[in-house]
Amino acid sequence: MCGIVFNYQKKGIVNHKTLFSYINQRTRGTEGFGLITYPNNKIKVFKQTSEQAILTDLMFNRSNFCLFHHRQPTSTENIKNACHPFKIEIDNRIFYTIHNGWITNDDTLFAEYSKNYKITSLQKDGRFNDSEILAIDITQYITGKQKEIKSQGAIAFITLETDLKGNQIALWYGRNSSSPLNINFNSQLLEIASEKGKLQIAENILYRFDFQKWQISEQSVKFSSGYHYTNNYFFHNDIYYMDETELQIELDKIRVEIIETQKRIFDLEMGNARKKQKKLNKAQNKLETLQYKELEIENLICEQKELE
């Protein structure tokens with residue numbers, strides 16, 4: 001789990017707004033940070049591993065633009081080259097991406113994308129930040145290099161598009177059902193955050209904010225949450241069409257797998273943590289997904305009981 005904050009307004013400084021949004025959702029991560037801001041109308045990109053360092057950067061680089069990310073590492077240690085944003089250069093444009101969530105098919109996409117891109121978050125032990133794979137995937141799609149977004153998992157992201165000098169062109173953002181992203185937009189400001197905003201953006205829509213026109217456009221796109229295999233079933237959107245009895249059966253299955261996953265996490269933690277860290281991270285991500293689904297089904301059962 002990570003946190004996303006974006007603040008931009010036509011006039012005035014937004015650094016304090018960004019700070020307040022971060023404080024509001026600080027529990028989403030305090031181990032690894034990234035910031036893009038425009039003091040004196042020139043782009044500056046910061047990556048830090050400590051909260052004190054990034055907050056110093058935030059307060060001393062005042063601007064009407066702040067793109068901020070705070071991380072709870074799952075795929076690598078808290079190390080600077082694994083912090084967001086991830087920078088991808090294509091067709092004389094630069095794309096900076098921040099992401100909240102995790103990617104379940106990252107190994108497959110790593111094998112594909114690493115042929116043409118340098119994976120800057122790659123560590124000596126072979127681990128890498130799965131969010132960098134999403135960054136490449138999103139950029140490939142935006143620039144027309146591929147016809148679909150291939151990443152599967154929990155996805156909420158913001159991508160800043162600039163020219164080679166850092167001048168703002170567009171802001172792209174979207175999410176699927178597994179990750180939140182909220183917005184506040186009017187004639188003077190655009191605010192986006194994981195946990196603050198008047199409206200949660202719709203799922204499976206790719207939004208584009210044009211800095212020159214001050215307009216938001218949108219297009220339908222599939223941000224797949226993927227199919228998470230268990231011993232007897234797959235997670236899928238069919239739960240929304242189940243009756244109360246079917247939901248209870250599904251809930252019982254999930255609770256069994258939660259216990260099994262918790263046991264696997266315990267076993268991995270007792271072993272060689274460094275050698276098995278990636279397996280441990282994936283097991284922890286799986287547990288979070290299971291618990292999310294458990295809560296989701298519990299809410300659906302309550303809603304059906306209220307209608308009886």
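Strand β9 (residues 182–185) and strand β11 run antiparallel and are joined by two bridges, enough to count as a pair, since pairing asks for at least two DSSP bridges between strands. Within this pairing, Ile183 sits opposite Leu199 of β11. The model is a predicted one, in which local features need pLDDT of at least 70 and side-chain atom pairs count only at pLDDT 80 or more, while totals for chains, interfaces and linings use all residues. Residues are numbered from 1 along each chain as its sequence is written, and side-chain values use heavy atoms, with hydrogens and water left out.

The two strands belong to a wider arrangement: an open sheet of seven strands, ordered β3-β2-β4-β1-β10-β9-β11 and paired antiparallel. At its edges are β3 (44–48) and β11 (199–200), each of which pairs on one side only. Helix α1 (residues 15–24) lies across β1 (3–9), β2 (33–37), β4 (65–70) and β10 (189–193), and runs at about 155 degrees to β1. Helix α2 (residues 51–60) also packs on the sheet; this helix touches β2, β3 and β4, and its direction makes about 5 degrees with that of β2. These angles run from 0 to 180 degrees between N-to-C directions, with axes fitted to C-alpha atoms, for helices over the stretch in contact. Across the protein there are six helices and 13 strands, taken as DSSP runs numbered from the N terminus (helices H or I, at least four residues; strands E, at least two).

A helpful residue to visit next is His99, in strand β6 (residues 93–103). His99 counts as buried because its relative accessibility is 0%, the limit for buried being under 20% relative accessible area with a 1.4 Å probe and protein chains only. A polar atom of the His99 side chain lies 3.0 Å from the backbone oxygen of Ala154. Beyond its neighbours within four places in sequence, His99 has contacts (heavy atoms within 4.5 Å) with residues including Cys2, His84, Ser131 and Phe157.

Cys2, His84 and Ser131 are also among the residues lining the largest cavity, as are Arg71, Gly101 and Asp130. This cavity has a volume of about 50 Å³, and a search of the whole structure finds one cavity of 30 Å³ or more. A cavity is a set of points on a 1 Å grid over the protein atoms alone where a 1.4 Å probe fits but cannot get out, and lining residues have an atom within 4 Å of a point; the volume is the space filled by probe spheres set on the points.

Overall, buried residues make up 52% of the 308 residues.

Definitions and conventions:
Buried means under 20% relative accessible area, exposed over 50%, partly exposed in between (1.4 Å probe, protein chains only). A polar contact is a pair of N or O atoms within 3.5 Å; within protein, one must be able to donate a hydrogen and the other to accept it, and residues adjacent in sequence count only if both atoms are side-chain atoms. On a 1 Å grid over the protein atoms alone, a cavity is a set of points where a 1.4 Å probe fits but cannot get out, and a pocket is an open set with protein on both sides within 12 Å along at least five of seven lines; lining residues have an atom within 4 Å of a point.
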